[in-house]
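User: I'd like to learn how to read a few overall features of a protein model, and then some backbone details. Could you walk me through them?

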Amino acid sequence: MAPPPDLNVGVPDLEYFTPQHVTSPGTPAASSSTKTPKLFQPLTIRGTTLRNRILVAPMCQYSTASHGNATGALTDYHIATLGHYALKGAALVMIEASGVQPNGRISPNCPGIWSDAQIPALRRVSDFIKSQGALSAIQLAHAGRKASTCAPWIAGAQRTSGGKRKVSVRASEAAGGWPGNVVGPMGGEEWTWDERRLDDDAGGYWAPRALSEKEIGELVRDWASAAQRSVKAGVDVIEIHAAHGYLIHQFLSPITNQRTDAYGGSFENRSRLLLEIIQAIRSVIPESMPLYLRISATEWMEETDLGKKHGSWDVLSSIRLAKIVARMGVDLLDVSSGGNVVHQKLNPFDTKDYQTRIAARIRDEVKKDGGNLFIGAVGLITEAEQARDIVEEGGAPAQQTQIANEAHTAVAMLEPRNGTEPQADVILVARQFMREPEWVLRVAHQLGVEVAWPNQFLRVRFPKL
């Protein structure tokens, strides 16, 4: 009698065996009797389909080599962390900010994709993410004047002469840094991110030098080359990082960009670098590949003296930009805020769901303009924690309300408001995945949505509520 066939089928086209899941984890059961919330409905963007609408946002890990042949290359650590989010049901896993040039890294231990030598490691991580049913994505970035710093735990272990804990530490050449090649729209000690001089022991950033127009042209080409390498590595989605005070954001803001050439001054000139990068990337990646863009929708400087003197990057600027990029081949706008200026003023009484409200406003304005742009919202956990705190005032313990608030807040972000439009199309979650890699499965359980689990974890799936 012939032995039974091996039913444990492996994922094809891998150099190692990993089982093919019966159903992609995080996918709702077709037989579910309850209405599936938008959060767990698939979404197609160009040639990709998200199995649900929960995306893992990029998170810096400061865990690549700073010296030698493996400089900037992803490692098994990234498979262990990012791969686990994919295994547990996230629809897309974004690889952290990766430098398009060596001096574009935040720290010497951040990844990059400026060299063909970094492609194999990126492919290995991307292949594993995709083998678990998720889409793999990479965030292409340049840190600008916030580059050449040490990992945050290095800073946290040091104190100033006055005894205060340091927030940031400059990475010297001995630490793998590049003090003389930190760049930005503007140059000189007055343009250091934390506005501290180099002889100030509390300072944590290097003074930048101003990029020339020739260097800006090289930068645009390097961004396109990094995108091409990402395609060769098998990545599904590319995101441009134009937020949080990194190089593109520095160019967008009239506070940090006071150039007098073609890349400074007017909105059109300050946006030129980003628009050239979008055009360059879109021209070298497949038509079927989605292009995402992360922006800081406001730098929270409107009410400051600097903002009143120079103007600032605000929500109206972001709406104007969104309408333009929607027609240039950007498919999804990942809406965050802040990070460009040390003096930012966020109103502490207006923080609940502020980023989601901004995302919703941009979404509405783009649609009115006839544009087609998906919107990603961040800040979900902040909203959920605030909702939890309100409930706790009535005596409900945190452990009973935390996941419930996270789940229902996530649903509310994507459902129609007043029977019309939702606030966003997807949500991007970061730190909560580090705490709970199985967060997608927990949220589904809380909502009563039956979703597929990984084959290897079926025996421990949550019981029905």
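User: How many positive and negative side chains does the protein have, and how far apart do the centres of the two sets lie?

Analyst: Happy to start there. Count Lys and Arg as positive and Asp and Glu as negative. In this predicted model, the protein has 49 side chains of the positive kind and 49 of the negative kind, with the centres of the two sets 1 Å apart.

User: What does the secondary structure of the protein come to, and why is the protein described as being as compact as a globular protein of that length?

Analyst: There are 13 helices and 12 strands. The radius of gyration is 22 Å, close to the 23 Å given by the globule rule for 465 residues, so the protein is as compact as a globular protein of that length. The C-alpha trace spans about 75 × 55 × 50 Å along its principal axes.

User: What share of the residues is buried?

Analyst: Buried means under 20% relative accessible area. Here, 58% of the 465 residues are buried. The exposed surface comes to about 19800 Å², and carbon and sulfur atoms supply 51% of it.

User: Now the backbone: where is Tyr62, and is it buried or exposed?

Analyst: Tyr62 lies in the loop between strand S3 (54–56) and helix H1 (76–87). Its phi is near 50 degrees, a positive value in a residue other than glycine. With a relative accessible area of 16%, Tyr62 is buried.

User: And where is the place of Ser148?

Analyst: Ser148 sits in the loop between strand S5 (135–141) and helix H3 (152–156). Phi of Ser148 is near 60 degrees, again positive in a residue other than glycine. Ser148 counts as buried, because its relative accessibility is 0%.

Note on methods:
Residues are numbered from 1 along each chain as its sequence is written. This is a predicted model: local features need pLDDT of at least 70, side-chain atom pairs count only at pLDDT 80 or more; totals for chains, interfaces and linings use all residues. Side-chain values use heavy atoms; hydrogens and water are left out. Helices (H or I, at least four residues) and strands (E, at least two) are DSSP runs, numbered from the N terminus. Buried means under 20% relative accessible area, exposed over 50%, partly exposed in between (1.4 Å probe, protein chains only). The radius of gyration is taken over C-alpha atoms; the globule rule is 2.2 Å times the number of residues to the power 0.38. Accessible areas come from the Shrake-Rupley method with a 1.4 Å probe; for residues, only the protein chains shown count as cover. The place of a charge is taken as NZ of Lys, CZ of Arg, CG of Asp or CD of Glu.
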